[in-house]
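Hi everyone, thanks for making time for this. I'd like to walk you through one model, so please have the sequence and the structure open while I talk.

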Amino acid sequence: MRRDQLEHAIRTACQIIGQPEVIVVGSQSILGSFREAELPADATMSMEVDILPIADDNEETARLADLIEGVAGEFSPFEEMHGFSIDGVDLKTSALPDGWRKRLVKVRNSNTAAPSGEPRFTGWCLDKEDLCVAKLCALREKDQNFVNALLQAGLVDPRVVVERLPTVPEEFRPGAERALGWIASWL
């Protein structure tokens, strides 16, 4: 996926739910920190964007996520037309460390704006190390490949990832423990 596709996804998700901003929590949030040309191929392979709507509670977040999924999710006409899909997710989807909201990376420009130029929508992407924490708590093969590629390229600091892993919510701690074993060879 390219940065312009991420920006398109942010604009589309905001328009679908009628909100001025959303949070990007999946692997493509790395495009908030780096242009695709700076990233290894394994970091931009996914053609789906995980979008977390911003709402007062998780029930409303899930409802808005369903709206996004229904319009632009996998196998939708949107995916067929643009070559990527947008998955709506809720707060229970990702293992995010303490303080993650304070470290979000803002993506807002003319490409995240409505066709008339206004309003300009905002996508908040996960900080690169917070993204690695979330991926490593899942620790699927694709997640390991993603983080490994970023580590090999020297784009993330493994010491910061290790510091943040123990701060994920309790339900994700077993995954964080496995991840600490996995990343130990990078220290």
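Let me begin with a question: how many residues line the largest pocket, and which of them lie nearest its centre? The lining has 23 residues, and those nearest the centre are Ser27, Lys135, Arg140, Lys142 and Asp143. Before I go on, please keep in mind that this is a predicted model.

Staying with that pocket, the space in it comes to about 520 Å³. Three elements each give two or more residues to the lining, namely E2, H4 and helix H5, which covers residues 141–152. If you sort the lining by class, you get 9 nonpolar, 7 polar and 7 charged residues.

Between two of those elements there is a backbone detail that I'd like you to look at. Leucine 139 is in the loop between H4 and H5, and its phi is near 55 degrees, a positive value in a residue other than glycine. For context, most residues other than glycine have a negative phi. Is leucine 139 buried or exposed? With a relative accessibility of 18%, leucine 139 counts as buried, because the cut-off for that class is under 20%.

There is another positive phi to compare. Phenylalanine 75 has a phi near 70 degrees, and this residue is not a glycine either. You'll find phenylalanine 75 in the loop between helix H2 (58–72) and helix H3 (77–82). Its relative accessibility is 72%, so phenylalanine 75 counts as exposed.

One more backbone item, this time a peptide bond. Most peptide bonds are trans. Glutamate 118 and proline 119, however, are joined by a cis peptide bond, with omega about -5 degrees. Proline 119 sits in the loop between strand E4 (105–107) and E5.

Now to the strands. Strand E2, residues 48–53, has 5 of its 6 residues buried, which makes it mostly covered. What does E2 pair with? Strand E1, residues 21–24, pairs with E2 in the antiparallel sense over 3 bridges. Strand E3, residues 85–88, runs parallel to E2, and 4 bridges join the two.

You can follow these pairings residue by residue. Isoleucine 23 stands opposite leucine 52 in E2, and valine 24 stands opposite isoleucine 51 in E2. Towards E3, aspartate 50 has aspartate 87 as its bridge partner.

E1 also pairs with E5, in the parallel sense and over 4 bridges. Valine 24 turns up again here, since this residue stands opposite cysteine 125 in E5. So if you click on valine 24, look for isoleucine 51 in E2 and for cysteine 125 in E5.

On to the charges. Side chains of opposite charge can pair when their charged atoms come close. How many salt bridges does the structure hold? The total is 11.

The one I'd show you is between arginine 164 and aspartate 127, with 2.7 Å from N to O. Why pick this pair? Arginine 164 lies in helix H6 (residues 158–164), while aspartate 127 is in the loop between strand E5 (122–125) and helix H4 (128–138), so the salt bridge ties together parts that are 37 residues apart in sequence. Both arginine 164 and aspartate 127 are buried.

Here are two others for comparison. Aspartate 157 and arginine 159 form a salt bridge whose closest N and O atoms are 3.1 Å apart. Aspartate 157 is partly exposed, at 22% relative accessibility, whereas arginine 159 is exposed, at 55%. Then arginine 173 and glutamate 170 meet in a salt bridge at 2.9 Å, N to O. Arginine 173 has a relative accessible area of 29% and is partly exposed, and glutamate 170, at 55%, counts as exposed. There is also a network: Arg103, Asp127, Asp130 and Arg164 are joined into one by salt bridges that share partners.

Last, a word on annotation. UniProt, in an unreviewed entry, places the feature "domain: DUF6036" at residues 19–156. Across that stretch the chain is 32% helix and 15% strand, and its end C-alpha atoms lie 31 Å apart.

That's my tour, and I'm happy to take questions.

Definitions and conventions
Residues numbered from 1 in each chain as written. Predicted model: local features only at pLDDT ≥ 70, side-chain atom pairs only at ≥ 80, totals over all residues. Heavy atoms only, no water. UniProt positions renumbered as here; feature names shortened; annotations may be inferred. Salt bridge = Lys/Arg side-chain N within 4 Å of Asp/Glu carboxyl O. Buried < 20%, exposed > 50% of the residue type's maximum accessible area, 1.4 Å probe, protein only. Pairing = 2+ DSSP bridges. 1 Å grid on protein atoms, 1.4 Å probe; cavity = no way out; pocket = protein on both sides within 12 Å on 5 of 7 lines; lining within 4 Å. Points joined across faces, edges and corners; volume = space filled by probe spheres on them. Nonpolar A, V, L, I, M, F, W, Y, C, P; charged D, E, K, R; others polar.
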